[in-house]
Amino acid sequence: MTTPVYAVENLIIDLYTPTVSVRAVDGASFEIHPGETLAIVGESGSGKTVMTLGPLGLLPEGVAIDMRGTARADGRDLVAMSQSELSAMRGGEFGVIFQDPMSALNPMLKIGPQLAEQARRHAGLSAADARKEAVSLLARTGIPDPADRYDRYPHELSGGMLQRAMIALALAAKPRVLIADEPTTALDATVQAQILALIRQIQKEDGIAVVLITHDIGAVSVLADRVIVLYAGQIAEEGSAIDVLTRPVHPYTKGLLASVPDFRSEISSGTREIPGLPPNQTKVEPGCRFAERCSIAQPSCLARRPTLLPVGDGSVLHRAACPVVLNAQGVAHQ
Ligand SMILES: Nc1ncnc2c1ncn2[C@@H]1O[C@H](COP(=O)(O)OP(=O)(O)OP(=O)(O)O)[C@@H](O)[C@H]1O
Ligand SMILES: [Mg+2]
């Protein structure tokens, strides 16, 4: 097993606004290795973005943050870093692509110079070499006529092309981890497939680690090596994509997969919504956060927070935080 490029341990993130406080991430641990694609799935509001971008200092403005735990990359802990150290880390170690390209690109500046500046800053290139690098990044991300596109403003590019330009920007500093937060949600189906194929190609060519946050279970099945299922800020299940998607254990994972049209006929006999709503995360209850919505919940589920336990004989990394199912399978002791 390689050394992880990014390792998060016992991460707790509380967000405070003038009116509300929310425990957005509640004790999550995960790691990612070079060349691996880790997908993070879960309903809207489950904490995917805050868990992934929070340690990088990329959270919405106007929210006070209390972050605990560790998030280690390159031997250093991001949780303990200043904003300027984090900014250097984001440019170098981490590349981020967002749902909205305009959150990364400056609308007032031409595309090419933005890329060139990023490449110059992180690789110490001369102005001429940075320009060449920017054109080659545009070409690499499949932007036709890259020398011409270099001098275009963001508003002159289509949505798919802008997404490609943002990927080029994320790659300009040669990151070891590429984080993609719902990179295709705003695009039409054909362009979605092209962008996912591009991410996969880059991942293969560069051997970088990719964290893919998505609602798209189809994309998970195509791209991901491993999956984390997040529910109300806690990891409900994790394992290889094949194990989690085809042999889900946690009732929440089963519900999530059953709500995907035609994902897998054995799981989804017709599409079903998970009944109820995610819990109010302003109160931190002691038990399982999914218990209220769970058809197999027992009184003990409300009393004690379930921890992640191995599924099966533990020979593969597949863990679920549901002692009810695991005890029924005769493998959990909690
Ligand atoms: N700006 C904010 N102000 C207050 N609470 C916030 C803010 N951003 C996120 N939260 C809260 O933090 C929790 C986690 O949100 P997060 O955005 O990480 O969810 P998500 O899983 O990424 O959802 P989505 O799929 O909709 O992007 C939610 O309870 C959300 O309400
Ligand atoms: Mg999000």
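Guide: Domain bounds here come from an automatic or database domain assignment. The model is predicted.

Visitor: Which domains does the assignment give for the chain?

Guide: The assignment gives two stretches of the chain, named by their residue bounds. They are domain 1 (104-174) and domain 2 (232-328).

Visitor: How far apart do the C-alpha centres of domain 1 and domain 2 lie?

Guide: The separation is taken between the C-alpha centres of domain 1 and domain 2. That separation is 42 Å.

Visitor: Which residues come nearest to ligand 1?

Guide: A residue counts as near if one of its heavy atoms lies within 4 Å. There are 17 residues around ligand 1. Of these, the nearest are Ser44, Gly45, Lys48, Thr49 and Val50.

Visitor: Which element supplies the largest share of the shell around ligand 1?

Guide: Strand E2 (21-32) and helix H1 (48-53) each supply at least two residues of the shell. The largest share is three residues, and the element that supplies them is H1.

Visitor: How do the residues of the shell around ligand 1 divide into nonpolar, polar and charged?

Guide: Each residue of the shell falls into one of these classes by its type. The division is six nonpolar, eight polar and three charged.

Visitor: What share of the area that ligand 1 exposes when taken alone does the protein bury?

Guide: Oxygen atoms of ligand 1 have polar partners in the protein: a backbone atom of Gly45 at 2.8 Å, a side-chain atom of Lys48 at 2.7 Å and a side-chain atom of His215 at 3.3 Å. Taken alone, ligand 1 exposes 630 Å², and the share of this that the protein buries is 70%.

Visitor: What kind of aromatic pair do Tyr6 and Phe30 form?

Guide: The whole structure holds five aromatic pairs. For Tyr6 and Phe30, the rings are 6.1 Å apart centre to centre, with 80° between the planes. Planes over 60 degrees apart count as edge-to-face, and the pair of Tyr6 and Phe30 is edge-to-face.

Visitor: How many residues apart are Tyr6 and Phe30?

Guide: Tyr6 is in strand E1 (residues 6-16) and Phe30 is in strand E2, so the pair links distant parts of the chain, 24 residues apart.

Both Tyr6 and Phe30 are buried. Ring pairs also join them in a cluster with Phe94. The spacing of Tyr6 and Phe30 along the chain is 24 residues.

Visitor: Why is the pair of Tyr252 and Phe290 edge-to-face?

Guide: The ring centres of Tyr252 and Phe290 are 5.3 Å apart. Both residues are buried. The pair is edge-to-face because the planes stand at 65°.

Note on methods: Residues are numbered from 1 along each chain as its sequence is written. Chains are lettered from A and ligands numbered from 1 in the order in which they are written. Side-chain values use heavy atoms; hydrogens and water are left out. A polar contact is a pair of N or O atoms within 3.5 Å; within protein, one must be able to donate a hydrogen and the other to accept it, and residues adjacent in sequence count only if both atoms are side-chain atoms. Accessible areas come from the Shrake-Rupley method with a 1.4 Å probe; for residues, only the protein chains shown count as cover. Helices (H or I, at least four residues) and strands (E, at least two) are DSSP runs, numbered from the N terminus. Rings of Phe, Tyr and Trp (its six-membered ring) pair if their centres lie within 6.5 Å; planes under 30 degrees apart count as stacked, over 60 as edge-to-face and the rest as tilted. Buried means under 20% relative accessible area, exposed over 50%, partly exposed in between (1.4 Å probe, protein chains only).
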